[in-house]
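Please find below my note on the structure you sent. I have kept it to points that can be checked against the coordinates.

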Amino acid sequence: MAFALVQGASGGQNTALGTATGTLPAPATTGNLLIGVLGSDAYATAGAPSGWTESTGCRQETFLGAYLWWKVAAGGETGFAKALSPNGTYAWAVAEYSGNAASPYDISAGQKAQSSLATYTTPDITPTAGDRLIVASVGGSHGTTVFTDLTTWLNSFTRQQVGISSITNAHDIIGLADLLVTASGSTAYSSGATYAPSSAESRTGITI
């Protein structure tokens with residue numbers, strides 16, 4: 001069975017809260033793969049949301065706290081919830097995929113930069129051979145610029161969801177894109193995106 005995007009959603013929270021949430025349009029189907037990403041001016045507390053997994057490199061903290069979590073749905077999940085410390089505003093995105101194995105994780109990596117630039121890339125990963133779903137997440141923050149989108153995703157990745165939070169002194173953006181490949185076991189993959197309308201002051205990238 002081939003990988004397929006079932007549903008996705010994104011958004012932003014402009015009032016500081018103690019818990020960040022990302023919500024699917026409809027409850028998840030048993031056995032499907034869920035991916036959640038979060039970008040906040042506060043940091044998420046240690047570990048993944050209950051029932052989710054935080055893999056290698058999937059926590060990047062600079063001016064922006066950026067996170068990627070995944071889980072295989074038990075059925076009926078409506079998204080994720082994760083405590084922030086301190087309270088914070090945030091941007092989020094979540095997606096559900098079918099066609100995954102019961103134990104879908106292969107490899108992941110993340111990186112960050114605390115400098116101003118209009119683009120950022122995700123780190124290379126080299127998945128094992130076979131049909132693979134590769135997800136890339138790019139995040140950014142800026143003290144004064146209001147973001148409108150993440151554009152020009154690199155290396156044939158398809159933009160799926162972008163969440164934006166815009167509040168004075170804490171403008172955050174987080175997005176995810178995906179690529180379906182038949183991996184050779186020796187080819188590396190990464191992506192990246194351009195911040196619209198201008199640079200981010202801190203930038204994050206995760207590939208899984």
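The numbered points go from the whole chain to single residues.

1. Status of the model. This is a predicted model, and every remark below should be read with that in mind.

2. Secondary structure. The protein chain has 14 strands and zero helices. Read from the N terminus, the order of elements is β-β-β-β-β-β-β-β-β-β-β-β-β-β.

3. Overall dimensions. The radius of gyration of the protein chain is 16 Å, which agrees with the value near 17 Å for a compact globule of 208 residues. Along the principal axes, the C-alpha trace spans about 45 × 35 × 25 Å.

4. Burial and contacts. Of the 208 residues, 51% count as buried. When contacts between residues at least 6 apart in sequence are considered, 78% of them join residues at least 24 apart.

5. Surface and charge. The exposed area of the protein chain is about 8100 Å², and 52% of this area comes from carbon and sulfur atoms. There are 12 negative and 7 positive side chains, with the centres of the two sets 4 Å apart.

6. Serine 202. This residue belongs to strand E14, which covers residues 202-207. Is serine 202 buried or exposed? Its relative accessibility is 0%, so serine 202 counts as buried under the 20% cut-off. Its side chain makes a polar contact of 2.4 Å with the side chain of serine 141. A polar atom of the serine 202 side chain also lies 3.5 Å from the backbone nitrogen of leucine 64. Beyond its neighbours within four places in sequence, serine 202 is in contact with several residues, including Thr62, Phe63, Ala113, Gln114, Gly139 and Gly140.

7. Aspartate 106. The loop between strand E6 (79-98) and strand E7 (109-113) holds aspartate 106. With a relative accessibility of 30%, aspartate 106 counts as partly exposed. What does its side chain reach at 2.8 Å? The partner is the backbone nitrogen of threonine 128. Setting aside residues up to four places away in sequence, aspartate 106 touches Pro127, Thr128 and Arg132. Proline 27 is 79 residues from aspartate 106 along the chain, and the two C-alpha atoms are separated by 26 Å.

8. Leucine 5. Strand E1 (residues 4-23) includes leucine 5. Its relative accessible area is 37%, and leucine 5 is therefore classed as partly exposed. Leaving out residues up to four places away in sequence, leucine 5 touches Ala95, Glu96, Tyr97 and Gln160. Leucine 5 and aspartate 178 are 173 residues apart along the chain, yet their C-alpha atoms are separated by 9.4 Å.

9. Cis peptide bonds. As background, most peptide bonds are trans. Serine 85 and proline 86 are joined by a cis peptide bond, with omega about -5 degrees; proline 86 is placed in strand E6. Another cis peptide bond, with omega about 10 degrees, joins alanine 196 and proline 197. Proline 197 sits in the loop between strand E13 (192-196) and strand E14 (202-207).

10. Threonine 145. This residue lies in the loop between strand E9 (130-142) and E10. Threonine 145 has a relative accessible area of 17%, and is therefore buried despite its loop position. Apart from its neighbours within four places in sequence, threonine 145 is in contact with His171, Pro197 and Ser198. Pro197 in this list is the proline of the cis bond with alanine 196.

11. Positive phi values. Most residues other than glycine have a negative phi. Threonine 152 has a positive phi, near 55 degrees, and is placed in the loop between strand E10 (149-151) and strand E11 (158-165). With a relative accessible area of 55%, threonine 152 is exposed. Asparagine 169 also has a positive phi, of about 70 degrees, and lies in the loop between E11 and strand E12 (171-183). Asparagine 169 is exposed, its relative accessible area being 62%.

12. Places to look at in the viewer. I would check the 2.4 Å contact between the side chains of serine 202 and serine 141, the two cis bonds at proline 86 and proline 197, and the positive phi values of threonine 152 and asparagine 169.

Note on methods. Residues numbered from 1 in each chain as written. Predicted model: local features only at pLDDT ≥ 70, side-chain atom pairs only at ≥ 80, totals over all residues. Heavy atoms only, no water. Helix = DSSP H or I, 4+ residues; strand = E, 2+ residues; numbered from the N terminus. Rg over C-alpha atoms; globule rule 2.2 N^0.38 Å. Buried < 20%, exposed > 50% of the residue type's maximum accessible area, 1.4 Å probe, protein only. Contact = heavy atoms within 4.5 Å. Areas by Shrake-Rupley, 256 points an atom, 1.4 Å probe, with all protein chains shown as cover. Lys, Arg positive; Asp, Glu negative; His and termini not counted. Charge placed at Lys NZ, Arg CZ, Asp CG, Glu CD. Polar contact = N/O pair within 3.5 Å; in protein donor to acceptor, adjacent residues only side chain to side chain.
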